[in-house]
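Biologist: I should like to go through this structure with you and to ask, at each step, what a given term rests on. May we begin once the sequence and the structure are in view?

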Amino acid sequence: MSVDLGEKLGYAAHMSHLTRTSAAGLQLDNALTLNEIEKKVQAGELDFLHPLEIGTGDLVKVYLTPEQAEEVRFGRFIELEQTEKELAGFEGDKLLAILEKRNTLYKPRKVFN
């Protein structure tokens, strides 16, 4: 953004600092330091962990048929009626894969089992 602003003003510009205050529905105010995480893990307190599905908030969700899910598990291309470059492929309420569009088909980029 600062580069765009500098360009509009006719000056060179760069960003010297960026603080991300939220991502995928998570807020910086709720973040833990590595020391805090270490202490919680040592105490057996894992309540700070979130389900994997929360990280797909910005991706379009598609619900796969059992046949599609099986193909995805094997890393095979599947056909979907979507146009997005990336999708979150769900099997029921569980994230199965991040799917990446390749020409007219989708290929699993990362499969979670």
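Modeller: Let me first fix one term: two residues are in contact when heavy atoms lie within 4.5 Å. Please also bear in mind that this is a predicted model.

Biologist: Which residues are in contact with valine 72, leaving aside its neighbours within four places in sequence?

Modeller: By that criterion, valine 72 is in contact with Leu64, Ile78, Leu96, Ala97, Leu99, Pro108 and Val111.

Biologist: What makes a set of residues including Val72 a nonpolar core?

Modeller: The term requires buried residues of nonpolar kinds, joined through side-chain atoms within 4.5 Å. Val62, Leu64, Ala69, Val72, Ile78, Leu80, Leu87, Leu96, Ala97, Leu99 and Tyr106 meet this requirement, and these 11 residues form the largest nonpolar core. Both α3 and β5 supply at least two residues of this core, and the largest share, three residues, comes from β5. Another core, of five residues, lies apart from it and includes Ala88, Phe90, Leu95 and Ile98.

Biologist: How do you know which side of α3 is the buried one?

Modeller: Buried means under 20% relative accessible area. Gln68, Ala69 and Val72 of α3 are buried. They span an arc of only 100° around the axis, and therefore lie on the same side of α3. In general, an α-helix has 3.6 residues a turn, so residues three or four places apart point the same way.

Biologist: What lies on the face turned away from that buried side, and what covers the buried residues?

Modeller: The face turned away carries Pro66 and Glu67, which are exposed, a term that calls for over 50% relative accessible area. The cover of the buried residues includes β3, β4, β5 and β6. Helix α3 (residues 66-73) lies across these strands and runs at about 75° to β5 (94-102).

Biologist: Why are β3 and β6 said to stand at the edges of the sheet?

Modeller: The four strands form an open sheet in the order β3-β4-β5-β6, with mixed pairing. β3 (60-63) and β6 (105-111) each have a single partner strand, so one side of each is left without a neighbour in the sheet. On average, neighbouring strands are turned by 40° against each other, direction ignored.

Biologist: What makes β3 and β4 a pair?

Modeller: Pairing requires at least two bridges. Four bridges join β3 to β4 (residues 86-91), and the two strands run parallel; the criterion is therefore met. Tyrosine 63, for instance, has phenylalanine 90 in β4 as its bridge partner.

Technical notes. Residues are numbered from 1 along each chain as its sequence is written. This is a predicted model: local features need pLDDT of at least 70, side-chain atom pairs count only at pLDDT 80 or more; totals for chains, interfaces and linings use all residues. Side-chain values use heavy atoms; hydrogens and water are left out. Axes are lines fitted to C-alpha atoms, for helices over the stretch in contact, and angles run from 0 to 180 degrees between N-to-C directions. Buried means under 20% relative accessible area, exposed over 50%, partly exposed in between (1.4 Å probe, protein chains only). The arc is that of the directions from the helix axis to the C-beta atoms.
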